[in-house]
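Ready for some practice in reading a structure? Work through each exercise yourself before you peek at the solution.

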Amino acid sequence: MKKIFRNKLYFLAVLLIVIGGLVCAGAGMADEDREENDLAVSPGRALARKAAKPQQGWTTTDHSKHPALQGEFRKGAEITAACLSCHSEAESQLHTTIHWTWVGYTDESGKRLGKAGDALNNFCLSANSMQDKGCMACHPSWDGRKEVVNCLACHGQKNINFGEAFEDYNAFADSDDPDEKEIAEEIQANVLAAAQSIGRPTRQNCGECHFKGGGGDGVKHGDLDTSLTKPNKDLDVHMGVDGQNFECTRCHTTLEHNIAGRIYSKPAFTERKSLIEDDLTPKITCESCHGSTPHEPGHKANDHSDKVACQSCHIPSFARVNPTKMSWDWSQSGKLKDGKPYKEVGPLGKEDYLSIKGRMTWAKDVKPEYRWFDGSMKTLTVKDMIDPATRVAVSAPVGDQGDPRSRIFPFKVHQGRQPYDKVHKALLAPLLSGKEGYWATLDWPSALAKGQAALGVPFSGEYDFVESSYYLPTTHMVAPKQNVVGCIECHVRTDGRLASITEVYLPGRDRLNLLDTLGWVAVLGSLLGVTLHGLGRVFTGGRKEE
Amino acid sequence: MTGKLTTIYLYSRYERFWHWLQGLLIIILLLTGFEIHNGLNLLGFHRAMLVHNFVGLSWLIAFAFFVFWVFTTGEWRQYIPTTRKMLEMIRYYGYGIFRGEPHPVPKRKDAKHNPLQRLTYLSLSAFLLPVQMITGLLYWGYNSWEAWGMGFLSLQVLAVLHTAGAFALLSFLIVHVYMTTTGHKIFAHIKAMITGWEDVPEGTPIEEWERAKSKQYTN
């Protein structure tokens, strides 16, 4: 009896040790929850903090003291001339960049990839070789004419309307009326102050065009809109003014006015390198600063980084503050009310219908769609053949599961319905702005003919509308880590975020239905069998009672 | 019930420890495994995955000790399969047990498994558990397949095999737990596996082939 008791004690002790071990392991795992309170800093964050110390805004020059910037300016070109009197190479550098040319490159078959070239989208469709003057508001030149570089578009720290200022100044400056003279002096003082207020490009500068791509706030990109001019950390951990307060150029590093970033089908980067490996590498990737295994050692997320882009988990949704346009149906345009074009405003305060543009939908806080992505996009041009029977991918990510450079990446997918040539089986590029553009005439055949002519491509005269999609990579609006996408948003049986990624076996989502059926039949069969057997023993009294 | 009972020391300390440890580990692995497979919601997917991986790796270490034990002590002979008395065993569980008949193969120190147990435990130790360990370890090492020169592996195939093994283990567990109630008292076998002391009928003849230490088990 004593022996039995001792054995029991022994057994209990062993059980305690085992349970103790498991509890300790569990406690170790609880570290991640503790991490939310942020005492431990993950290796990737520690690395990034070393790589990107808070930026010290220092410079060896004060532009307000430069003699070249003390004169009288009557037009933009004179300011530029003053800039170039010191920055002698700036203009020639800029002239070679896509920011100036709007053409990324010309591919083997002679298609010019770029908004000034043959590339299309499913927003305002085409810039018609810069013939569409409405697009030129974003060209970094004076007065929407690709002639003289406007340095202040990117470097000016005071935002004034130069067009109006110069017009008024030139009207009043030579007047004899002292009141008008006074107004002119005031205007000139403002112009001068703006010309002297120079710095590296800020979010405000870049955002003036990039937050408003497609013709308005948040139209094109779901992850770039005016909410990023002064974001908080919740909206973007890097740019948040209550945090690191990164400007765009902190990551979009620059070499001779060429700014790092994706250019049409050309990826933003070809190698995933950290600054530790190469201190001159562009900081355009997450890996540049955070390394390729940024999470705690042993954290499963490190095992994901070979196939899942950082953005996929760290940007749970885009357009979190301002709405973004999700679809645009050009075929609905041209309707009139009382013989006049009209607009309708939808629930998000955005225009749902415009006679000149058609029907559109907007959304806020949108979950991205996920695709394999090697960093390059396939963009259609006016010279590419399409299949009007299917939804035409005006731009689509390139990449596949087998490619080690590809990652599962989040996208905004903008659905469109846009004109195409029924004879040539190609998308069409109508001229929109200007007196002869569609927005003035609401006449498709004429606008299409003019737009195609501007691009030097044929138009048969027969057109219809085709469904289209346009993919925009989502890489800004990186959320704080407590808002990161959780495991079960993908590892879930149905309706997971990665429902479209079918090339891989995803634990928790995928199963062999036959196996699960047979398995549960076996388990339930066992249960039923032993239950019946036990009942049989009870009722036959065969149980060996003493 | 026929005859008097005598108590024999049947299960050594390590054997009992291993039995309950593997029982605990298997139950944890089943629960967390089925949570990862998306059938349960206990710990949350992430924590279930962490626990499953930790317990799975612990199991590999524990199993290595078992292999050492089973061979150094000669206990492996207890797992040598036989068809002798197999039919009697099947008849007993299917009929005799309801009539209160005596067990055809009572336990002895050197013949602790009846023919059905031998077959079951051999399949378990030599096939099912190794399959689970190998598929589990490879599954866990998914990111290192290239480095291990195993880029040809398919996660889907591994996952299906691993899941099939889990269903088999769960079915075994159910039947196994039920079978513990078939002793002379409901908890008699469980008590024996805790204390090591099993009650067996006195004077039960044990044939030579049943004795694990004998090499002439085929007679």
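**Exercise 1.** Work out how helix H1 (residues 13-36) of chain B is oriented against helix H5 (residues 155-179) of chain B.

*Solution.* Keep in mind that this is a predicted model. Start with the geometry: the two helices pack with their axes 11 Å apart, at an angle of about 130°. That angle makes H1(B) oblique to H5(B), because oblique covers what is left once angles under 35, over 145 and from 65 to 115 degrees are taken out. Next comes the handedness: H1(B) and H5(B) cross in a left-handed way.

**Exercise 2.** Find the residues that make this helix contact, and sort them by class.

*Solution.* First go along H1(B), which brings in B:Ile26, B:Leu30 and B:Gly33. Then take H5(B), which supplies B:Ala166, B:Leu169, B:Leu170 and B:Leu173. Now sort them: six are nonpolar, one is polar and none is charged. The polar one is B:Gly33, because Gly counts as polar here.

**Exercise 3.** Describe the side of chain A that touches chain B.

*Solution.* Begin with the head count: 38 residues of chain A are in contact with 39 residues of chain B. Then ask which elements of chain A give two or more residues to that side: they are helix H1 (2-29), helix H12 (300-304) and helix H16 (513-540). Finally, split chain A's side by class, and you get 19 nonpolar, ten polar and nine charged residues.

**Exercise 4.** Check how confident the predictor is about chain A.

*Solution.* Look at the whole chain first: the pLDDT of chain A averages 89, and 91% of its residues score at least 70. Then look for a weak spot: residues 30-39 of chain A have a pLDDT below 50, and that stretch has three contacts in the model beyond near neighbours in sequence.

Note on methods. Residues numbered from 1 in each chain as written. Chains lettered and ligands numbered in written order. Predicted model: local features only at pLDDT ≥ 70, side-chain atom pairs only at ≥ 80, totals over all residues. pLDDT = per-residue confidence, 0-100. Contact = placed C-beta atoms within 7 Å. Helix = DSSP H or I, 4+ residues; strand = E, 2+ residues; numbered from the N terminus. Axes fitted to C-alpha atoms, helices over the stretch in contact; angles between N-to-C directions. Left-handed = near helix turned anticlockwise from the far one by under 90°.
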